[in-house]
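Visitor: I would like to go through this structure with you and ask, at each step, how a description follows from its definition.

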Amino acid sequence: MDYRLQCMACSAHYPPNDLRTVCDCGGLLDVTHDLAALRESVSHELFDSRRGEWALPYSSGVWRYRELILPVDEAAIVSRPEGNTPLYRSQRLSGWVGIDDLALKHEGENPSGSFKDRGMTVGVTQAVLLGARAVACASTGNTSASMATYAALAGLQALVFIPEGMIAYGKLAQALAYGAQTLQVQGDFDAAMQLVRQVCDELGIYLLNSLNPFRVEGQKAIIFETLQQRSWEVPDWIVFPAGNLGNTAAFGKALHELQELGLISRLPRLAAVQAHGANPFYRSFVGGFQQRERVTARTVATAIRIGNPVSYERAVRSLRWTNGLVTEVSDGEIMEAKAQVDGAGIGCEPASAAAVAGARRLAAKGVIRRGDSVVAILTGHLLKDPGATVDYHLGRLEGIEPAHANPPQVIEPTLKAVREALQGRAR
Ligand code: F0G
């Protein structure tokens with residue numbers, strides 16, 4: 001095998017065909033590739049030559065980069081296929097954020113409606129290679145939706161643990177529809193996460209949270225594809241929402257490897273954005289990463305309602321590699337940014353809008369300059385959380401003033417009533 005598992009904490013090695021997702025010492029595992037050998041075999045031209053393919057594996061925006069992700073036999077790949085998501089630009093949004101060169105990479109336009117599909121295609125492929133019968137995850141919703149669809153595709157049993165009453169309806173609907181056994185845990189995400197780790201250890205079920213190093217490998221493709229779409233030109237900043245810190249881990253690893261391989265010559269700065277009420281990583285950052293912080297999380301952006309993120313050490317490493325930073329935004333800023341992204345015709349779920357709110361805040365502080373090139377990652381689709389959107393427009397979100405509310409109007413079935421409604425809108 002030309003890759004293996006290595007512990008970040010104690011450097012122990014394991015062969016890749018191991019069901020484990022953490023080291024015996026409890027440390028996080030990395031998939032390590034033979035970068036010296038890859039230097040000879042991969043190039044921009046190789047990846048560019050695969051663009052526009054109709055057939056798997058290269059029709060997937062993950063497996064297009066298979067050498068850098070998981071060099072497995074094509075026949076083993078479980079793919080929908082994922083990726084190939086657009087980079088949007090909107091003058092109106094650029095103006096509002098205060099950054100002229102702002103692009104939005106819409107990972108919500110993946111098959112299950114979130115970036116999780118990038119990691120899940122790799123995690124489920126690995127599960128099949130390992131001969132696993134069942135897979136499991138704890139989730140604020142998107143991971144479970146994604147795992148459920150890929151597990152169904154592969155014929156694996158899927159077990160999901162979700163915090164009771166704290167996940168958006170679109171996501172719950174997907175887990176149920178794709179046939180995952182869904183356990184609503186009476187507790188928050190962090191409690192569900194702890195439980196699923198115990199369950200997987202005891203019952204020999206393959207864990208597919210981003211703790212799993214193969215998930216991280218797949219999510220690196222967000223960076224690879226973004227750069228390829230930009231003709232391999234590196235932006236100054238990549239801004240994204242951060243919860244369990246899987247993306248923070250993946251983005252840093254992707255960029256570090258691309259630089260080691262000579263495929264890019266400089267690194268963008270990573271800016272991870274947390275909700276104020278779910279900000280353990282921000283608190284650690286402010287303290288110079290002297291201490292790992294934990295909080296009891298609360299935010300309207302339920303996807304990132306996480307108080308004890310599992311990929312903490314990997315994420316710190318990513319920020320060190322990229323001279324990155326962490327910022328935080330309020331729920332009000334998140335929902336206002338969402339209204340702007342939605343109103344521009346693009347749309348996203350609340351957690352994704354945190355990236356845009358964070359970019360705006362960093363621009364206002366002068367950390368990101370108006371002329372910097374910035375890619376913000378939208379992580380989930382607008383329809384994932386219809387409740388938050390409708391509640392915003394109806395002014396039903398506690399403590400949030402909906403400055404851009406567009407509520408539906410009730411009218412009598414007459415032309416006169418329509419005329420009056422149109423005049424009301426025009427005023
Ligand atoms: N955005 C969305 C839409 C998410 O669903 C998540 C995480 C994040 C951002 C944060 O990404 O965990 O890599 O830092 N959702 C997980 C889930 C936790 O269970 O679906 P992260």
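Guide: Just after helix 12, Asn-323 takes a positive phi of about 50°. Helices here are DSSP runs of H or I with at least four residues, strands are DSSP runs of E with at least two, and both are numbered from the N terminus. This is a predicted model, in which local features need pLDDT of at least 70 and side-chain atom pairs count only at pLDDT 80 or more, whereas totals for chains, interfaces and linings use all residues. Residues are numbered from 1 along each chain as its sequence is written, and side-chain values use heavy atoms, with hydrogens and water left out.

Visitor: Why is helix 12 called largely enclosed by the rest of the structure?

Guide: A residue is buried when its relative accessible area is under 20%, exposed when that area is over 50%, and partly exposed in between, with a 1.4 Å probe and protein chains only. In helix 12, which spans residues 312-322, 8 of the 11 residues are buried, so the helix is largely enclosed by the rest of the structure. Among them are Tyr-312, Arg-314, Val-316 and Leu-319.

Visitor: Which elements do the buried residues of helix 12 pack against?

Guide: With contact meaning heavy atoms within 4.5 Å, the buried residues of helix 12 pack against strand 3, helix 9, helix 10, strand 11, helix 11 and strand 12.

Visitor: What makes strand 10 count as largely enclosed?

Guide: Strand 10 covers residues 237-241, and 5 of its 5 residues are buried, so strand 10 is largely enclosed by the rest of the structure. Trp-237, Val-239 and Pro-241 point one way, while Ile-238 and Phe-240 point the other way, and all of them are buried.

Visitor: How do you know that strand 10 pairs with strand 11, and in which sense do they run?

Guide: Two strands pair if DSSP finds at least two bridges between them. Strand 10 and strand 11 are joined by 5 bridges and run parallel, with Pro-241 standing opposite Val-273 and Phe-240 having Ala-272 as its bridge partner. Strand 10 also pairs with strand 13 in the parallel sense, over 3 bridges, and there Ile-238 stands opposite Val-375. Strand 11, in turn, is joined to strand 12 by 5 bridges, again in a parallel run, where Gln-274 has Glu-328 as its bridge partner. Strand 11 is mostly covered, with 6 of its 7 residues buried.

Visitor: What makes the β-α-β unit of strand 10, helix 10 and strand 11 right-handed or left-handed?

Guide: A crossover is right-handed if, with the strands pointing away from the viewer, the path from the first strand over the helix to the second runs clockwise. Strand 10, helix 10 and strand 11 make a right-handed unit.

Visitor: Why are strand 2 and strand 3 said to stand at the edges?

Guide: 3 strands form an open sheet with antiparallel pairing, in the order 2-1-3. Strand 2 and strand 3 each have a single partner strand, so one side of each is left without a neighbour in the sheet. Strand 1 and strand 3 are joined by 5 bridges, and Tyr-3 has His-33 as its bridge partner.

Visitor: How many disulfides does a search of the whole structure find?

Guide: The search finds 0 disulfides, a disulfide being a pair of cysteine sulfur atoms within 2.5 Å. Cys-7 is in no disulfide, and the nearest cysteine sulfur, that of Cys-25, is 3.7 Å away. Cys-7 has a relative accessible area of 2% and is therefore buried, whereas Cys-25, at 46%, is partly exposed.

Visitor: What makes the chain as compact as a globular protein of its length?

Guide: The chain has 16 helices and 13 strands. Its radius of gyration is 21 Å, close to the 22 Å that the globule rule gives for 427 residues, so the chain is as compact as a globular protein of that length. The radius is taken over C-alpha atoms, and the rule is 2.2 Å times the number of residues to the power 0.38. Buried residues make up 59% of the 427 residues.
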